[in-house]
Every structure is written in C-alpha cells, then in structure tokens.
Amino acid sequence: MEFDSIAKLLKHVEKNHLRDIMNHEMAEMVKDEEQKAIDKTVYDAYRPGTEDGEPWVYKRRRDDGGLKSRDNMKVDVKRVGDGIELSVENITKGANGYEISEGIEYGKGYEYTSNRDGTADQYTSPRPFTQETEKEILSRDLHTKTMKQALKARGLDIE
C-alpha cells in the first residue's frame, strides 16, 4: 500500500491500526513494565521481619488477584485532541473493598500505622510504582519501540 501524502498515511494508520495497537501491544507493554515496577517498588521495598518476608496480617496476592495481577490493570483508550491516549489504571481492591493502589503509590490512608517489628514506615511510605513504570517506559523509549514493532507486524514499514 502506498500513500501520496503524510496526511493520508496518518489517517489510514489511525483508522485501521492505532486503536488496536493501543489496546493490545501498547497496553501489554505497559502491564509488563508495571508488574516489574510493582516487584521492585512495592514488594521488594517492604519486607517485614517474618520468616518468609511476608506481612503477618495479610497474604500478598501478587499476580493472583493482587496489585500485580494483569486483570486488575484496567485499559482505556480514548481520543484526546488530535491523538489517542492510552491509560492503564490499577484497580486492585483490598480486603475491605477499597482500592489500594493510591495508598501504596502515595503512602496515604493506611489503617495500621505501626506493627510488631517496627517496619511500618516501609509500608506507609510512598512506593510509587506508577511513577516508576512511566519512568522506565520513557527512559528505554519502549513506547516508540513497541509502536514501531506493532506497525511493522501489520505491514507498515516506518523506518
């Protein structure tokens, strides 16, 4: 397929490929990076003094319905101005039914502010996994690389 103008090429890409790429390849890349950031920024940052390094009061669900679970990462793709925006929101709920991501990200809203081994400051301090995800994606240019790979896989050579 050939195009005689950039405008026609862009219109074709947006109409036939962009939303699908954002919902699939781009969203999956963001989820991959968020899972890595959660391990590093959330789970590795708070390791209580228990034998297994897990909290006393609750069991971390990790990728089995927990913060790291891809099912809890809600994808939304929408038109914004002249472009398309992808957002991936972590909607994990705690045992009490409230969303836990903001509390972890910003270190606010914890019911328990002390614990038996004196490590409460580790879990009540901000553990900004969303910020870490964005930083990693941008620093490694993953958004551009993923988009290029997805376009090439659909037969659009953009180099």
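**Figure 1. Thr-41 in helix H1 of the predicted model.** Thr-41 has its place in helix H1, and the structure in which it is shown here is a predicted model. With a relative accessibility of 13%, Thr-41 counts as buried, because residues under 20% are placed in that class. When its neighbours within four places in sequence are left aside, Thr-41 is in contact with Arg-127, Pro-128, Phe-129 and Glu-132. Of these partners, Phe-129 and Glu-132 are themselves listed among the buried residues of H4, the helix that is the subject of the next view.

**Figure 2. The buried and exposed residues of helix H4.** Helix H4 spans residues 129-139, and within this helix Phe-129, Glu-132, Thr-133 and Ile-137 are buried. Seen down the axis of H4, these buried residues fall within an arc of 130 degrees, so they line one face of the helix. An α-helix has 3.6 residues a turn, so residues three or four places apart point the same way. The face of H4 turned away from the buried side carries Gln-131, Leu-138 and Ser-139, which are exposed. The cover over the buried residues of H4 includes H1, E2, H2 and H5. After H4 comes Asp-141, a residue whose phi is positive, near 55 degrees.

**Figure 3. The second largest pocket and its lining.** About 590 Å³ of space lies in the second largest pocket, and 23 residues line it, with Val-30, Ser-87, Val-88, Thr-130 and Glu-134 lying nearest its centre. Two or more lining residues come from each of helix H1 (6-43), strand E2 (83-90), helix H2 (101-106), helix H4 (129-139) and helix H5 (142-153). Among these elements, H4 gives the most to the lining, with six residues. Sorted by class, the lining of this pocket has 11 nonpolar residues, together with six polar and six charged ones.

**Figure 4. The whole protein, as a setting for the close-up views.** The protein has five helices and two strands, and from the N terminus on these elements run in the order α-β-β-α-α-α-α. Of its 159 residues, 36% count as buried. Among the contacts in the protein with a separation of 6 or more, 56% are accounted for by residues 24 or more positions apart. The protein exposes about 10300 Å², and carbon and sulfur atoms supply 49% of this area.

Notes:
Residues numbered from 1 in each chain as written. Predicted model: local features only at pLDDT ≥ 70, side-chain atom pairs only at ≥ 80, totals over all residues. Heavy atoms only, no water. Helix = DSSP H or I, 4+ residues; strand = E, 2+ residues; numbered from the N terminus. Buried < 20%, exposed > 50% of the residue type's maximum accessible area, 1.4 Å probe, protein only. Contact = heavy atoms within 4.5 Å. Areas by Shrake-Rupley, 256 points an atom, 1.4 Å probe, with all protein chains shown as cover. 1 Å grid on protein atoms, 1.4 Å probe; cavity = no way out; pocket = protein on both sides within 12 Å on 5 of 7 lines; lining within 4 Å. Points joined across faces, edges and corners; volume = space filled by probe spheres on them. Nonpolar A, V, L, I, M, F, W, Y, C, P; charged D, E, K, R; others polar. Arc of directions from axis to C-beta.
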